[in-house]
Structure formats: C-alpha cells, structure tokens
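Please find below some notes on the charged side chains and the backbone of this chain, set out as numbered points for your review.

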Amino acid sequence: HLLGKWKLNTMSIKSYEDGELVGENNDLPVASQITWEYEFKADLSVEYYMAIPAAEFEEKGKGTYSTSGNSITITIDGEPGVFFFFLNDADNLHLKMTEEEESGGVIYKEEMEQKFIRK
C-alpha cells in the first residue's frame with residue numbers, strides 16, 4: 001500500500017521535558033499551513049515536497065527509502081529519518097517519529113504523528 005502519492009492531512013505533536021508532558025496538539029488539520037507530500041516509487045526512491053507559506057519555506061527533491069518490519073527509513077540529502085507505521089492501508093499512511101535531545105541538563109523529547117491520505 002505504500003507506493004504512490006501521499007499528502008499530509010493532520011499532525012499530532014506531544015512535547016516532553018524530563019519525561020513530563022508540556023504540550024500536546026492532536027490531529028491538527030494542516031490544509032493551508034503546511035504542504036507535505038511524498039511519492040514512493042517501486043525502485044525505492046521517494047520524491048518529496050514541503051512548503052510552509054507563512055515562513056516562505058519551500059523544498060522539493062528526491063531521496064530513497066527502505067522498510068523493515070513496522071518502520072520506514074527515508075533518507076534525504078544523506079540524512080536518514082526513521083518513522084514507524086501505525087497505519088498503512090489503501091487510503092491512509094500514518095507515520096510516527098520521536099526525537100530526543102539534551103540541552104542545559106534538560107531532556108527534550110518530541111513525538112510527532114503524521115497522517116497522510118492518498119493523493
């Protein structure tokens with residue numbers, strides 16, 4: 001079900017500081033704020049397009065992807081990003097990613113869920 005074009009529909013973000021939840025946004029529609037699209041191809045290449053009009057940001061390009069079990073690694077400009085599938089069917093692709101960093105003795109963690117729909 002992964003092959004084809006996908007467009008970001010909603011995002012959820014949870015932010016933690018030292019394990020304590022400090023911010024949460026669930027299933028925010030992204031329609032006019034963010035455009036994020038992937039096209040997964042059979043040769044394990046992926047084309048992407050991202051735009052944030054309010055920040056005058058736009059980027060598109062190509063990368064590669066690989067899957068293993070319930071995860072997908074998308075590599076763009078030599079930088080791999082690992083996502084976990086929590087739904088992938090004919091019309092929906094839901095990916096989850098966690099980032100963690102330490103700064104000033106505080107451990108910051110962000111969990112992001114991206115819900116894409118087939119384009």
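1. Lys 7, Glu 37 and Lys 119 are joined in a network of salt bridges, a salt bridge being a side-chain nitrogen of Lys or Arg within 4 Å of a carboxyl oxygen of Asp or Glu. This is a predicted model, in which local features need pLDDT of at least 70 and side-chain atom pairs count only at pLDDT 80 or more, whereas totals for chains, interfaces and linings use all residues. Residues are numbered from 1 along each chain as its sequence is written, and side-chain values use heavy atoms, with hydrogens and water left out.

2. Within that network, the side chains of Lys 7 and Glu 37 meet in a salt bridge with an N to O distance of 3.9 Å. The pair links distant parts of the chain, with Lys 7 in strand β1 and Glu 37 in strand β3, 30 residues apart; strands (E, at least two residues) are DSSP runs, numbered from the N terminus. Lys 7 is partly exposed at a relative accessible area of 33%, while Glu 37 is buried at 16%, where buried means under 20% relative accessible area, exposed over 50% and partly exposed in between (1.4 Å probe, protein chains only).

3. By the same rule the count of salt bridges comes to eight, and two of them involve Glu 47. Side chains of opposite charge can pair when their charged atoms come close. Glu 47 forms a salt bridge with Lys 41, with the closest N and O atoms 2.9 Å apart, and also one with Lys 62, where the corresponding distance is 3.9 Å. The pair of Lys 62 and Glu 47 links distant parts of the chain, since Lys 62 is in strand β5 (residues 57-68) and Glu 47 in strand β4 (residues 45-52), 15 residues apart. As to accessibility, Glu 47 counts as partly exposed at 27%, Lys 41 is likewise partly exposed at 27%, and Lys 62 is exposed at 61%.

4. Which residues gather in a patch of negative charge on the surface? They are Glu 17, Asp 18, Glu 20, Glu 99, Glu 101, Glu 102 and Glu 110. Patches are made of residues with over 30% relative accessible area and no salt bridge, like charges being joined within 9 Å; Asp and Glu count as negative, and His and the chain ends are not counted. The place of a charge is taken as CG of Asp or CD of Glu, and accessible areas come from the Shrake-Rupley method with a 1.4 Å probe. Strand β8 (residues 92-103) gives the most to this patch, with three residues, and Glu 17, found in strand β1 (residues 4-17), is partly exposed at 36%.

5. Two backbone angles deserve a check. Most residues other than glycine have a negative phi. Asp 27, placed in strand β2 (residues 20-29), nevertheless has a positive phi near 45°, and its relative accessibility of 37% counts as partly exposed. Glu 56, in the loop between β4 and β5, has a positive phi of about 50° although it is not a glycine, and at 77% relative accessibility Glu 56 counts as exposed.

6. Finally, Thr 35 lies in strand β3 (residues 35-40) and counts as buried at 19% relative accessibility. Leaving aside residues up to four places away in sequence, Thr 35 touches Tyr 49, Met 50 and Ala 51, contact meaning heavy atoms within 4.5 Å.

Methods: Helices (H or I, at least four residues) and strands (E, at least two) are DSSP runs, numbered from the N terminus. Patches are made of residues with over 30% relative accessible area and no salt bridge: like charges are joined within 9 Å, nonpolar side chains (Val, Leu, Ile, Met, Phe, Trp, Tyr) within 5 Å.
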